[in-house]
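Please follow this walk through a protein model, strand by strand and then residue by residue. The sequence and the coordinates are shown first, and the explanation follows.

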Amino acid sequence: MRTKPYVLLLSTLGTLSALGVLLGLAPGARAAENGEWAVYPAASRLGGRPYFYLSADPGTTLTDRVTVANKTSAPLTFRLYGADAYNTDRDGGFAVRTQREKQTGAGAWIKPERTRITVPARSAVTVPYTLTVPADADPGDHPGALVALDERIARGGKGAVAVGVQRAVGARVYLRVNGPTVPALAVEDVTLDQDRPLVPGTRTSSALVSYTLHNRGNVTLNPKVVLKARGLFGRTLLDRDLVEVPAELLPRQKIRLTERWTGSPQLDWGAVTLTATAKDVKETGTVSFLALPWLTAAVLFVGGAAGLQGLRIRRRRALSA
């Protein structure tokens, strides 16, 4: 009998996927949990202080406590560690590095008093930790999380390869290192891909607007993006507030986003402008477009080529006469 190989995928299918979902909650929503266990700052009640909001000078050490609550009927053992946060490529959601990845910010500075804990059934364990900010740390925001990684490996996946999945839950850490703050935002690499019918009017056209939203500063931003399109003579073709924008764009992070424009013009000439705003910042990115039906373009091309050829023939005859 052939046996299926057992593969442990921590960075993609396991820890990273779990954290990307569980840490994707809006700030102030509730403590991070998955129904079996929760991780939150030590407080008088579950979710009373859902996230860590900390500030410190370079070269100082903070102390705090994190609580891991087991909601199941059996003991659970966890690896407790600090992790850096980032925006995911998929949708810009808040996610954190796995234990095996290198931590360079808050994740490297967080040191739990115990890195392995066993939490009895329907109980909670509180662990002190320190956060030491290096003397040469850059000022600004350094988001991260305190993560409880379940030691159990669940069997998952289908087909010829079985997949081992580990789950994790993390409490967000919003750390600001005191010093000058520089909010900066950029809208980069705006492109427009048009999908128009061969024959005008036979179906609805559409366009895909793609752009990169880049936080160039050292503080977390809450961006809003407006998409506008103008045609010939300044006519407004589109004016839309975009909803598929991350609630938080972390410092030095960039994400690629798209927006579908259904009903884009089939015959027009204009520009698409994206305006991104956040506290104290406003930036725009623009791309021009020429909407010309393929059949019309082909006729114009053939007609232009024929006219050019006719002009050449007339010139030759004039020279030979």
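Two strands are said to pair if DSSP finds at least two bridges between them. With that criterion in hand, and keeping in mind that this is a predicted model, one can begin with an open sheet of 4 strands, whose order is β19-β18-β21-β22 and whose pairing is antiparallel. Its edge strands are β19, covering residues 236–241, and β22, covering 281–291, each of which pairs on one side only. Neighbouring strands of this sheet are turned against each other by 15 degrees on average, with direction ignored. Within the sheet, strand β18, made up of residues 224–230, is joined to β21 by 7 bridges, and the two run antiparallel; across this pairing, K224 of the chain stands opposite T277 in β21.

The loop that lies between β20 (254–262) and β21 (268–278) contains Q266. Is Q266 buried or exposed? Because buried means under 20% relative accessible area, Q266 counts as buried at its relative accessibility of 18%. The side chain of Q266 also reaches the backbone oxygen of R203, at 2.9 Å.

Another residue to consider is V209, which is found in strand β17, residues 206–215. V209 has a relative accessibility of 0% and therefore counts as buried. Which residues, then, is V209 in contact with, once its neighbours within four places in sequence are left aside? The contacts are T191, L192, L227, L257, T258, E259, V272 and L274. As for T273, this residue is 64 residues away from V209 in sequence, while the C-alpha to C-alpha separation of the two in space is 9.9 Å.

A further part of the model is centred on strand β12, residues 144–150, which is mostly covered, with 7 of its 7 residues buried. In a regular strand the side chains alternate between the two faces of the sheet. In β12, G144, L146, A148 and D150 point one way, whereas A145, V147 and L149 point the other way, and all of these are buried.

The pairing of β12 can be followed through two other strands. Strand β6, residues 76–87, is joined to β12 by 7 bridges and runs antiparallel to it, and one of the positions to look at is G82, whose bridge partner in β12 is L146. Strand β15, residues 168–177, is joined to β12 by 6 bridges, again in an antiparallel arrangement, and here the bridge partner of A145 is R172 in β15.

How values were computed
Residues are numbered from 1 along each chain as its sequence is written. This is a predicted model: local features need pLDDT of at least 70, side-chain atom pairs count only at pLDDT 80 or more; totals for chains, interfaces and linings use all residues. Side-chain values use heavy atoms; hydrogens and water are left out. Buried means under 20% relative accessible area, exposed over 50%, partly exposed in between (1.4 Å probe, protein chains only). Contact means heavy atoms within 4.5 Å. A polar contact is a pair of N or O atoms within 3.5 Å; within protein, one must be able to donate a hydrogen and the other to accept it, and residues adjacent in sequence count only if both atoms are side-chain atoms. Axes are lines fitted to C-alpha atoms, for helices over the stretch in contact, and angles run from 0 to 180 degrees between N-to-C directions.
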